[in-house]
Amino acid sequence: PNSVHSSLILLASIHGAISIVGAYIGSTSLHRRTSQLSINLSVLSFSLSIWSIFQAFELLSPTVESSFFWAAMSYPGMQLALLAILSIAWGISSPISTNKQEYNSNIWRFLWIALSLIPATTIIISLTNPMHSLMWNNQQLNSIGLSTFSRGTWYPIHLGYSYGLMLVSFVLLLWAAIFKKGVIRKQAIFISISGLVPMSANIWYQIHLSESIPHDFTVIGLMLSAVVIFLVFGRYGTNRIIPVARSFLVEYLRDPIAVVNSSGRILDRNLRFNRIFGSPEKNTYIQQIMPSWTSIIARMEKAHTLHTMQFNQNERIRWMEAGISRLPRRRSSVYAIAFRDVSQHINDQEQLKDAIAARDKHIKTAEDLKEQLHEQAVRDELTGLYNRRFWAESIERECARVQRRNCELSIAMID
């Protein structure tokens with residue numbers, strides 16, 4: 001009927017539009033590539049574009065042979081898309097690789113080759129299916145022009161492996177959403193949620209495969225996920241190495257860092273903060289660590305200030321210098337606090353003060369001894385009166401004074 005034919009054309013047009021969107025995202029990501037994630041997203045988008053356009057050709061095919069020919073042609077894009085999703089999930093869960101050893105690089109290269117074996121086999125089997133029917137049996141077109149089939153021997157293997165790759169990808173994203181911080185956590189949450197759409201679409205398709213509308217909407221759901229990934233990458237800069245590296249470095253810095261609102265509630269913290277000051281369950285407000293927090297921010301005249309505090313860790317007194325910076329916000333103030341352990345510096349200062357005090361004491365003692373020796377040198381030991389040495393020093397001094405002032409000098413001798 002004309003209505004059915006129009007529906008197939010409309011559905012094929014949607015697939016064509018999705019293919020164009022995928023090509024745009026792929027080319028844009030490839031053009032802006034500044035990290036491996038951009039390349040992975042580009043591969044995913046181009047793969048979905050190939051998958052979608054061949055599905056459009058499948059919908060418009062008038063015969064069973066041509067329909068399943070285009071279905072087989074879509075499998076390379078499908079398998080490559082699954083591997084691209086896994087690579088994106090892996091890149092998000094471990095955004096920066098610090099291991100550059102050739103041995104480990106060879107291991108990862110071997111692992112990806114091993115993961116590609118079943119997808120490559122699936123592509124070969126799907127393209128050669130008319131020779132052996134390992135992928136599809138009993139191919140036909142139903143009353144509305146959609147292809148139907150019975151699952152071949154290889155189809156469950158392909159399906160289980162595909163679900164396995166998706167499950168591993170979801171677990172990696174879930175791990176990043178729970179244990180990562182900052183932009184990595186946010187984009188992992190968004191991508192995890194968007195990944196539920198294609199999974200639901202494919203599960204629905206597999207359940208209703210033998211019913212009247214057996215069309216696979218998985219590629220449409222995956223393209224929606226690719227759009228979300230593209231937007232999230234653009235919003236949080238995940239495809240650019242600088243913000244990802246900054247977030248990674250902040251998370252694993254040796255100095256504790258926290259983000260706090262004006263009431264003192266700790267909004268975010270890095271791993272070092274938890275190790276030094278305790279878990280989030282133990283310290284929810286910064287006042288538990290800095291009791292004078294309210295007065296500190298009340299006295300802040302500039303956007304940045306320093307505060308030195310003392311705290312007890314494992315019955316050991318430690319000193320921390322907190323650099324407090326006010327972050328620009330319209331509604332409420334938010335503060336970033338970077339702590340630095342200055343215990344050694346404080347201890348060195350105290351030791352320096354003690355050393356300076358000891359030096360001053362020695363100098364005073366030396367000066368007292370010098371004065372005492374001088375007194376002993378100019379006085380008679382028996383009577384305590386000044387002796388001839390004192391007379392010689394005094395007359396020399398007084399003669400010099402007379403010359404400077406141009407006055408007279410008198411000397412009296414009394415016996």
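This is a chat between a trainee and a mentor about a predicted model.

Trainee: Where do I start? Which residues touch the most other members of the largest nonpolar core?

Mentor: Look for Leu44, Leu48, Ile92, Trp136 and Tyr155. The core they belong to has 46 residues.

Trainee: Okay, and which helices supply at least two residues each of this core?

Mentor: That list is α1 (2-31), α2 (36-60), α3 (64-93), α7 (155-179), α8 (182-207) and α9 (218-236). The one that gives the most is α3, with 14 residues.

Trainee: Let's zoom in on leucine 44. What is leucine 44 in contact with, leaving aside its neighbours within four places in sequence?

Mentor: Leucine 44 is in contact with Ala81, Ala84, Ile85 and Ile88, and also with Ala226 and Ile229.

Trainee: How many residues are in the second, separate core?

Mentor: That one has 21 residues, including Ile266, Ile297, Met309 and Ala322.

Trainee: New topic: holes. How many cavities of 30 Å³ or more does a search of the whole structure find?

Mentor: Two. The largest holds about 440 Å³ of space.

Trainee: How would anyone spot empty space in there?

Mentor: Rolling a probe the size of a water molecule over the atoms shows where empty space is left.

Trainee: So what lines the largest cavity?

Mentor: There are 32 lining residues, and Trp51, Met78, Asn202, Tyr205 and Asp216 lie nearest the centre. By type, the lining divides into 19 nonpolar, 11 polar and two charged residues.

Trainee: Which elements supply at least two residues each of that lining?

Mentor: They are α2, α3, β2 (147-151), α7, α8 and α9. Here α3 gives the most, with seven residues.

Trainee: You mentioned Asp216. Where is aspartate 216 found?

Mentor: In the loop between α8 and α9.

Trainee: A loop, okay. Is aspartate 216 buried or exposed?

Mentor: Buried, because its relative accessible area is 9%, and the cut-off for buried is under 20%.

Trainee: What is aspartate 216 in contact with, apart from neighbours within four places in sequence?

Mentor: His15, Trp51, Gln55, Asn202 and Tyr205. You can also check the spacing to proline 198: it is 18 residues from aspartate 216 in sequence, and their C-alpha atoms are 9.9 Å apart in space.

Trainee: Back to helices. What does the side chain of serine 192 reach?

Mentor: Serine 192 lies in helix α8, and its side chain reaches the backbone oxygen of alanine 188 at 2.7 Å. Serine 192 counts as buried because its relative accessibility is 8%. Not counting residues up to four places away in sequence, serine 192 touches Phe170, Leu173 and Leu174.

Trainee: And threonine 28, which helix is that in?

Mentor: Threonine 28 is in α1. A polar atom of its side chain lies 2.7 Å from the backbone oxygen of tyrosine 24. Threonine 28 counts as buried too, at 10% relative accessibility.

Trainee: Last one: backbone angles. What's the usual sign of phi?

Mentor: Most residues other than glycine have a negative phi.

Trainee: Then what is phi for serine 133?

Mentor: Positive, about 60°, although serine 133 is not a glycine. Serine 133 sits in the loop between α6 (129-132) and β1 (136-141), and counts as partly exposed at 27% relative accessibility.

Trainee: What about phi of asparagine 406?

Mentor: Near 55°, again a positive value in a residue other than glycine. Asparagine 406 is in the segment after α14 (388-405). Asparagine 406 counts as exposed because its relative accessible area is 71%, where exposed means over 50%.

Key. Residues are numbered from 1 along each chain as its sequence is written. This is a predicted model: local features need pLDDT of at least 70, side-chain atom pairs count only at pLDDT 80 or more; totals for chains, interfaces and linings use all residues. Side-chain values use heavy atoms; hydrogens and water are left out. A nonpolar core is a set of buried Ala, Val, Leu, Ile, Met, Phe, Trp, Tyr and Cys residues joined through side-chain atoms within 4.5 Å. Buried means under 20% relative accessible area, exposed over 50%, partly exposed in between (1.4 Å probe, protein chains only). Helices (H or I, at least four residues) and strands (E, at least two) are DSSP runs, numbered from the N terminus. Contact means heavy atoms within 4.5 Å. A polar contact is a pair of N or O atoms within 3.5 Å; within protein, one must be able to donate a hydrogen and the other to accept it, and residues adjacent in sequence count only if both atoms are side-chain atoms. On a 1 Å grid over the protein atoms alone, a cavity is a set of points where a 1.4 Å probe fits but cannot get out, and a pocket is an open set with protein on both sides within 12 Å along at least five of seven lines; lining residues have an atom within 4 Å of a point. Grid points are joined across faces, edges and corners, and a volume is the space filled by probe spheres set on the points. Ala, Val, Leu, Ile, Met, Phe, Trp, Tyr, Cys and Pro count as nonpolar, Asp, Glu, Lys and Arg as charged, and the others, Gly among them, as polar.
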